[in-house]
Amino acid sequence: MKTLTSWIKSIKFLIGLQSKNDSIFGIREIQIPIKNRSLRADYYSPKTNSLGTIVTINGLAPLGNRDPRFIIVNKSLCNLGYTVISPYYDEICDYKISLRNVDDIKNSILYIANKKEFSRSGKVSIFAPSFSGSLSLIAASDDNISNKINSICTIGAYGNVEDIIGNLFSNQKMDEYGRMILLLNFLPISIGKNENLFKALKLAILDNYFKYKDNLLEPHYSKMKKADKDFFNKLKYDTEFRMKHWNTILRKGGKNRILLSALSVMNHIHKLNTPILLIHGTKDDVVPANESSKLYDKLNEHGVDCKLCITTLISHGDTGFNLKTLLEVPKLVSSFSFFFQKAFDKQDS
């Protein structure tokens, strides 16, 4: 795809993100079979011949591929002429962090890429915000997957998962939504089972996401034992208390240490060879922007074709770019132009 054409597509994409059209009307639902089960996915078909196939992978959010902001992203990509397939990853949408997340992404990419109906070239590109951006990079480091990918765009990805967790636990000013998700996943390593406490964490996360007028947490919290209430409040407000448990988690080692290591992108960079666009917001209050900067430096060291865009226009893993600061728009246009050029399937021209 020529540079001018990709620039025009980038501009159209950014304008498309300002749309409020999050209706699912006209979206076709398909099934992606993986390991004795299947994932449902939304299939967006362009009106003209497809320029290529983009798989969009949602972040840690219960609505997943049906999050209104994500629907707008998918429609915007499709309106450019790309086939877009957006799976619903049940564990990611249920806030479960595990290596199955990576396997699900790998298996869905393989299925989509190998189906002529979805990808005529046998390759796809990936668009993924937040935690899922890092999972996608890890998936792409697999030899069986890398040759199925044209390019990857991540927004707000991390490099080292331990650094991110430690930062969220130690800095009270960081995002509570992200912190509660990490506590939900890793605190059991420190304290074992506590059904009422972990239910409270889950409800607090859902309240943060949905922002209900009548929150879900309050009725449950009012029935909790005083000891559990005190523990929950310390998790919310006491930095030293959280760090004590984080240090316990780190000391446990074993399978937990293997999981943390496997979920750190930095440990997989030497096997990445796919063109990668890293976008990160300076206002990110979950994953600091220097995480993408570090990833970019390491990717460059290994000779990976990559581009970095640090911008004030977004927060963590955001897909709704605010274009009020027009001075930064050219930088975003140039960055997405890189991605759209690489995502273009020459076979489909």
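This passage describes the nonpolar cores, the aromatic pairs and several helices of a predicted model.

In the predicted model, the largest nonpolar core comprises 82 residues, and those with the most contacts inside this core are Y95, F186, F232 and I276. The surroundings of Y95 can be listed in full: with residues up to four places away in sequence left out of the count, Y95 touches L60, A61, P62, Y177, I181, L184, N185, K202, I205, L206 and Y209. Apart from the largest core lies another core, of 31 residues, which includes I27, I54, C153 and F338.

Aromatic rings were examined next. A search of the whole structure finds 16 aromatic pairs. In one of these pairs, the rings of Y177 and Y209 have their centres 6.4 Å apart and their planes at 25°, and the pair is therefore stacked. This pair links distant parts of the chain, since Y177 belongs to helix α8 (residues 176-191) and Y209 to helix α9 (residues 195-210), with their positions 32 residues apart in the numbering. Y177 and Y209 are both buried, and both also appear among the residues that Y95 touches.

A further stacked pair is formed by F336 and F340, with 6.2 Å from centre to centre and 25° between the planes. Here the two partners both lie in helix α15 (residues 329-343), 4 residues apart, which is about one turn of the helix. In general, an α-helix has 3.6 residues a turn, so residues three or four places apart point the same way. F336 has a relative accessible area of 0% and is buried, and F340, at 0% relative accessibility, likewise counts as buried. F336 and F340 also belong to a cluster in which ring pairs link F13, Y82, F127, F336, F339 and F340.

Two rings are accompanied by a charged side chain. R28 lies over the face of Y43, at 4.9 Å from the ring centre, while the charged end of R40 sits over the ring of Y88, at 4.2 Å from the centre of that ring.

Helix α1 (residues 3-16) contributes F13 to the buried residues of the model, together with S6, K9, S10, L14 and G16. With 14 residues, α1 reaches 20 Å from its first C-alpha to its last, close to the 20 Å expected at 1.5 Å a residue. The buried residues of α1 cover an arc of only 155° around the axis, and therefore lie on the same side of the helix, whereas L4, K12 and I15 are exposed on the other side of α1. The elements that cover the buried residues of α1 include α2 (68-79), β5 (124-129) and α15.

Helix α9, which holds one partner of the Y177 and Y209 pair, has 16 residues and reaches 22 Å from its first C-alpha to its last, close to the 22 Å expected at 1.5 Å a residue. The buried residues in α9 are L197, F198, A200, L201, L203, A204, I205, L206, D207 and Y209, and their cover includes α2, α8, α10 and α11. Within α9, A204 counts as buried at 12% relative accessibility, and, with neighbours within four places in sequence left aside, A204 is in contact with L217 and F232. The C-alpha atoms of A204 and K226 lie 17 Å apart in space, with a separation of 22 residues in sequence. Just after α9, K211 takes a positive phi of about 55°.

Helix α11 (residues 226-237) has 12 residues that should span 16 Å at 1.5 Å a residue, and the end C-alpha atoms are 16 Å apart, which agrees with that expectation. The buried residues of α11 are D228, F231, F232, L235 and K236; because they cover an arc of only 140° around the axis, they fall on the same side of α11. On the other side of α11, K226, A227 and Y237 are exposed. Cover for the buried residues of α11 is provided by elements including α8, α9, α10 (217-223) and α12 (239-252).

A last position considered is S292, which is located in helix α14 (residues 290-301). S292 counts as buried, at 0% relative accessibility, and, neighbours within four places in sequence aside, S292 is in contact with A157, L278, I279, H280 and L308.

Terms used
Residues are numbered from 1 along each chain as its sequence is written. This is a predicted model: local features need pLDDT of at least 70, side-chain atom pairs count only at pLDDT 80 or more; totals for chains, interfaces and linings use all residues. Side-chain values use heavy atoms; hydrogens and water are left out. A nonpolar core is a set of buried Ala, Val, Leu, Ile, Met, Phe, Trp, Tyr and Cys residues joined through side-chain atoms within 4.5 Å. Buried means under 20% relative accessible area, exposed over 50%, partly exposed in between (1.4 Å probe, protein chains only). Contact means heavy atoms within 4.5 Å. Rings of Phe, Tyr and Trp (its six-membered ring) pair if their centres lie within 6.5 Å; planes under 30 degrees apart count as stacked, over 60 as edge-to-face and the rest as tilted. Helices (H or I, at least four residues) and strands (E, at least two) are DSSP runs, numbered from the N terminus. A charge sits over a ring if NZ of Lys or CZ of Arg is within 6 Å of the ring centre and within 35 degrees of the ring normal. The expected span of a helix is 1.5 Å times one less than its number of residues. The arc is that of the directions from the helix axis to the C-beta atoms.
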